[in-house]
Amino acid sequence: MADPLKSICEDPLERKWVWISLALAVVMAGMLGYYAVASNIHPPSNVETIDSSRLHLTEEFAEDNLGVKTNDDGSLTVTLVAARYGFYPPRIEVPADTRVTFRIASADVLHGVHVPFTNMTTMIVPGYISEVTTLFPQTGEFSLLCNEYCGLGHDSMWSRLVVVAKSAGGEAS
Amino acid sequence: MSQSRAAGLSLASMWVGFIAFAAAALLGLYQVIERIDLIPGLKSPALYFGSVSTHGVLMGFVLTTFLVMGYGYYTATTSLRQELWNKPLAWFGFWLCVIGVLLAAGPLLTGNASVLYTFYPPLKAHPAFYIGATLLVVGSWVWCLEMVMMMTTWKKAHPGETVPLAMYGTTANAILWFITSLGVASEVLFQLIPWSLGLIETVDVGLARTLFSWTLHAIVYFWLFPAYIALYTLLPRAAGGRLFSDHMGRVAFIMLLVFSVPIGFHHLYMDPFQAAGWKFLHMTGTFMVAVPTLITGFTIIASLEIAGRLRGGKGWFGWIGTLPWGNPMVTAAVLAMLMLTFGGFGGMINASYAMNAMIHNTQWVTGHFHLIFAGTTVIMYFAIAYYLWPKMTGRQLYSTGLALKQLWLWFIGMLILTLPWHQLGLAGQPRRISSTPYDESFVQAWLPAESAMIAGGGILFISALMLVYNLFRTHGNGQAETNPEVEYAEPVHAIVRMPRLMNSFGFWCLLVLVYMIASYGYPIAQFFLLDTHGTVPWSI
């Protein structure tokens with residue numbers, strides 16, 4: 001079969017390179033696609049709205065209901081509120097190697113959260129509920145850092161995540 | 001010929017860009033020092049975030065827009081050998097941009113627009129900031145119109161002829177910029193301006209971020225385009241050779257136009273409010289947009305090899321040494337390609353749907369875009385300036401030696417600044433922080449990389465001053481430039497037949513429209529279908 005690139009590209013070496021470039025793009029996107037689907041790794045992409053100015057009137061994000069809850073299947077749900085300048089509750093304790101789903105709402109502006117050295121991260125956008133699921137293989141003290149500029153106090157917005165050995169349980173403190 | 005050039009307009013435009021650049025470089029130096037609490041007296045989040053916002057606006061919006069416009073006007077008039085389509089209108093566009101910048105400068109410099117150049121609602125800036133930014137964009141649309149009209153009228157006057165590659169690329173960029181700026185224009189006109197004036201109470205932050213993402217990726221190609229145009233059409237001749245392929249340059253420009261706009265969701269990977277399938281779709285396009293850059297890398301290196309061999313270079317690598325390293329265009333191009341390679345590796349991680357989670361919004365990202373934009377793109381802006389200043393002023397460049405030193409310093413400074421930033425990102429440091437009040441273990445681990453960052457910032461600031469000084473002194477240089485012509489590179493194979501699709505844009509615009517509707521149609525429409533809640537303005 002004649003090379004379809006021939007009409008626009010006279011040099012055989014260059015045609016070869018164009019095919020390699022296209023193959024690179026397709027293989028890379030294909031690999032990422034394959035792993036995303038096969039291992040079910042997707043970026044946090046929850047589409048769920050909430051009125052950020054009335055979080056206290058919702059059941060889920062009312063102050064008394066924040067923190068760690070154990071679900072029927074043994075996984076955990078952590079409900080957090082992000083508000084200038086902290087994550088509430090400010091200290092979270094979870095067991096290692098356990099599926100944890102964070103559900104986070106902003107009470108004011110745009111925030112982000114990242115636990116360095118893990119893939120626990122999501123943007124927190126007023127008007128929407130963020131949801132991110134992960135598990136922490138290593139025990140220790142971690143930081144939840146706000147990683148999106150949210151105002152002049154942004155630097156100070158961080159809180160504590162403690163990952164304890166699985167046998168130790170791990171309750172919200 | 002000289003009277004048909006737009007030298008005055010181009011010079012004025014590029015000077016505004018480089019003055020903004022020098023001011024922004026000074027702010028950059030302040031920021032690297034303030035950021036790690038080196039001098040306690042300097043510590044001020046208000047000053048820092050005002051500075052970061054100004055630095056971003058000056059570098060990302062002012063330097064780029066004015067340089068693109070100035071270079072575009074000069075390219076159009078010299079490559080087509082044709083008068084500006086409408087000179088008074090072009091000057092009107094220029095002044096509109098200047099007024100926009102001055103209007104935005106007020107709130108920026110007084111700390112009333114410290115919302116970063118990405119706007120970030122629901123943080124609210126003074127309305128003058130949004131209105132100024134809008135005027136800058138509207139003024140640049142005048143340039144878009146001029147470029148399209150220049151190409152159209154030239155084609156009418158030269159039926160059957162091929163539009164010169166430099167102009168084909170410039171027009172591609174004009175169309176690209178018009179399409180991509182519609183996203184941020186809608187955000188500002190329909191959301192931020194009425195909201196900051198109190199005409200509407202709330203904005204939907206999800207919609208605002210989606211609209212901004214429409215602009216946010218392709219804008220970097222708007223910035224990058226002049227660099228690519230110089231690489232394809234000025235560099236091969238400056239190096240003493242020929243362009244390896246005119247056709248592949250067109251293919252690259254067309255691919256950038258088609259693929260760079262409908263892929264903005266890789267900036268929203270970590271956001272809620274857009275479902276994973278849409279992000280996946282945009283991810284695939286993000287990898288496609290790497291293809292024109294890979295093609296460009298091949299064509300440019302091949303063109304340099306031709307030049308090196310013509311100058312007597314032998315063997316696999318011998319041609320590198322025989323390149324005319326005393327020519328700023330050649331040196332800048334090689335350094336630009338090196339930085340593009342480093343930056344490209346990092347970019348692959350950012351573009352990766354899942355891996356991005358490790359580095360999202362960390363200092364890694366700042367490192368990445370400084371390498372590609374402040375590195376690759378801006379060093380080519382310098383090369384363009386060194387090449388065009390003598391043509392535009394009729395005076396020889398004040399000092400070629402100073403120019404070469406400046407380019408090398410910029411390259412070294414940029415590596416010292418950005419490679420440690422990648423490391424800081426992997427070590428967990430967020431971007432956009434003005435101090436580090438975190439765990440001691442973090443702060444200690446970050447210190448060596450942060451010290452390097454200060455050294456890099458210092459070198460870059462010195463380099464920036466050298467550029468401005470050299471250009472300024474060129475105006476007063478007693479020695480007249482002997483070669484006022486812009487010498488565009490000839491391709492190895494003369495153009496015999498140009499397919500119609502590679503000499504026009506109608507079909508490609510239609511393709512972008514279809515691709516945009518497919519990738520942004522529902523994601524934008526959903527905000528009008530969902531039961532959403534807007535957000536009131538917040539002060540910083």
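These exercises work through a predicted model of two chains, A and B.

**Exercise 1. Confidence**

Find the scores that describe the model, and the average pLDDT of chain B.

*Solution.* Start with the whole model. The ipTM is 0.93 and the pTM is 0.95. Now turn to chain B. Its average pLDDT is 95. In chain B, 99% of the residues reach a score of at least 70. Keep one caution in mind: where pLDDT is low, predicted coordinates should not be read in detail.

**Exercise 2. The contact between the chains**

Work out how many residues each chain brings to the contact, and how much area is buried.

*Solution.* Count residues. Chain A gives 62 and chain B gives 74. Next, take the area. The two chains bury about 5,700 Å² between them. Carbon and sulfur atoms carry 68% of that area. Then look for the top contributors on chain A. A:Tyr128, A:Tyr149 and A:Asp155 supply 13% of the area that chain A buries against chain B, more than any other three residues.

**Exercise 3. Polar links and the side of chain A**

Which side chains meet in a salt bridge with a distance of 2.7 Å, N to O? Then describe the side of chain A that touches chain B.

*Solution.* Begin with the counts. Two salt bridges run between chain A and chain B. The pair at 2.7 Å is B:Arg432 with A:Glu148. Polar contacts between the chains come to 26 residue pairs. Now identify the elements. Helix H1 (12–38) and strands S7 (121–124), S9 (140–146) and S10 (158–164) of chain A each supply at least two residues of the touching side. H1(A) has the largest share, with 13 residues. Finally, sort the residues on this side of chain A by type: 34 are nonpolar, 19 are polar and nine are charged.

**Exercise 4. A salt bridge inside chain A**

Explain why the pair A:Glu141 and A:Arg160 ties together parts that are apart in sequence.

*Solution.* Over all chains, the count is twelve salt bridges. The side chains of A:Glu141 and A:Arg160 form one, at 3.6 Å, N to O. Place each residue. A:Glu141 sits in strand S9 of chain A and A:Arg160 in strand S10 of chain A, so the pair links parts that are 19 residues apart in sequence.

**Exercise 5. A hairpin in chain A**

Do strands S1 and S2 of chain A run parallel or antiparallel?

*Solution.* Locate the strands. S1 covers residues 67–70 of chain A, and S2 covers residues 76–83 of chain A. They run antiparallel, joined by four bridges. Check one partner: A:Gly67 pairs with A:Thr79 in S2(A). Five residues lie between the strands of this hairpin. There, A:Gly74 has a positive phi near 90 degrees.

**Exercise 6. Unusual backbone angles**

Which residues are joined by cis peptide bonds with omega about -5 degrees and about 10 degrees? Where is B:Leu116 found?

*Solution.* Recall the background: most residues other than glycine have a negative phi, and most peptide bonds are trans. In chain A, a cis bond joins A:Arg84 and A:Tyr85, with omega about -5 degrees. A:Tyr85 lies in the loop between S2 and strand S3 (86–88) of chain A. In chain B, B:Pro121 and B:Pro122 share a cis bond, with omega about 10 degrees. B:Pro122 lies in the loop between helix H3 (87–109) and helix H4 (127–157) of chain B. B:Leu116 is found in the loop between H3 and H4 of chain B. Its phi is positive, near 65 degrees, in a residue other than glycine.

Technical notes. Residues are numbered from 1 along each chain as its sequence is written. Chains are lettered from A and ligands numbered from 1 in the order in which they are written. This is a predicted model: local features need pLDDT of at least 70, side-chain atom pairs count only at pLDDT 80 or more; totals for chains, interfaces and linings use all residues. Side-chain values use heavy atoms; hydrogens and water are left out. Two strands pair if DSSP finds at least two bridges between them. pLDDT is the predictor's confidence in each residue, from 0 to 100. Contact means heavy atoms within 4.5 Å. Buried area is the accessible area (1.4 Å probe) that two parts lose on being put together, summed over both. A salt bridge is a side-chain nitrogen of Lys or Arg within 4 Å of a carboxyl oxygen of Asp or Glu. A polar contact is a pair of N or O atoms within 3.5 Å; within protein, one must be able to donate a hydrogen and the other to accept it, and residues adjacent in sequence count only if both atoms are side-chain atoms. Ala, Val, Leu, Ile, Met, Phe, Trp, Tyr, Cys and Pro count as nonpolar, Asp, Glu, Lys and Arg as charged, and the others, Gly among them, as polar.
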